[in-house]
Amino acid sequence: MSTAAAPVRTLRTGTVLADLLPASRVRDVALVLGGAALTGLAAQLSVPVPGSPVPVSGQTFAALLVGTALGARRGFLSLALYAVVGMAGVPWFAEASSGYAMPSFGYILGMLLAATVVGALARRGADRSVLRTAGTMVLGSAIIYAVGVPYLALATGMSLGQAVATGLTPFLIGDALKAALAMGALPAAWKLVGRKG
C-alpha cells in the first residue's frame with residue numbers, strides 16, 4: 001500500500017493573491033470596487049492626533065493591502081476610484097471627510113502611487129516572505145509620506161520640518177504595527193493557498 005503525499009500547489013511568481021480567483025472582467029471590476037470600498041471603510045477607523053491636521057486611520061493599511069493583493073493595475077484603479085469618488089463628495093476619507101481642499105489630501109495621492117508600487121513588487125513575490133513583506137510595506141509607507149508630507153506643508157504653510165513633526169513622526173509606531181500585521185497576514189495567506197491543490 002503506497003502512501004503518496006498530496007501534491008503541493010506551485011504558485012509562480014507574477015501572480016498576486018487576487019489572481020487565484022477565476023479570471024474574468026466581472027472579477028476585476030468586483031476587485032477594484034471592493035478595494036475602493038475596503039479603503040473607504042478602513043478610513044473610518046480614525047483617531048485625531050492632537051496638534052496635527054492628519055488623523056491616524058486604517059486607510060493607509062488598506063491601501064497597501066489592496067495594492068499588494070490586487071497587483072499594480074487593479075490596485076491603482078481601486079485607489080483612483082477611492083480618490084475620485086471622495087473628491088466628488090462621498091464622505092469616505094478619514095473622519096468621514098470628502099473633497100480635495102484638505103491638508104491631508106496629499107496622503108491619498110501618495111496611497112495611489114504606493115498601491116501601484118507595492119502591487120508591482122507583489123507580482124515579483126515581495127509579499128511571500130516576512131522580510132520581503134516588511135520591506136514592501138516600509139517602501140509603500142515611505143511613498144505615502146514622500147507625497148503627503150510636502151503636500152501638508154504646502155497646504156498649511158508649515159515649514160517642511162513642522163510638516164514632518166506633525167504629519168510623519170506621530171505615525172511611525174502605528175505604521176510599524178500595520179507592517180507587522182501585513183508581515184504575518186500576507187505570507188500566511190500564500191502558505192495557506194499553497195497547501196490547497
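## The second largest pocket

Let's start with a list you can pick out in your viewer: A42, L45, V56, S57, G58, F61, G174, L177, K178 and L181 form the lining of the second largest pocket. Two elements, β2 and α7, each supply two or more residues to that lining, and α7 contributes the most, with four.

This is a predicted model, and in it the second largest pocket has a volume of about 160 Å³. By class, its lining residues are six nonpolar, three polar and one charged.

## The largest pocket

The largest pocket comes out at about 330 Å³. It is lined by 26 residues, and V54, P55, S57, Q59 and F171 are the ones closest to its centre. Several elements each give two or more residues to this lining: β2 (56–57), α2 (59–70), α4 (105–123), α5 (130–156) and α7 (172–195).

If you are thinking about the chemistry of the walls, the lining of the largest pocket divides into 15 nonpolar, eight polar and three charged residues. S57 is worth a look on screen: it is listed in the lining of the second largest pocket and is also among the residues closest to the centre of the largest one.

## Helix α5

One of the elements lining the largest pocket is α5, so here is a little on its geometry. α5 has 27 residues, and the distance from its first C-alpha to its last is 38 Å, close to the 39 Å expected at 1.5 Å a residue. After α5 comes G157, which has a positive phi, near 80°.

Definitions and conventions. Residues numbered from 1 in each chain as written. Predicted model: local features only at pLDDT ≥ 70, side-chain atom pairs only at ≥ 80, totals over all residues. Heavy atoms only, no water. 1 Å grid on protein atoms, 1.4 Å probe; cavity = no way out; pocket = protein on both sides within 12 Å on 5 of 7 lines; lining within 4 Å. Points joined across faces, edges and corners; volume = space filled by probe spheres on them. Nonpolar A, V, L, I, M, F, W, Y, C, P; charged D, E, K, R; others polar. Expected span 1.5 Å × (residues − 1).
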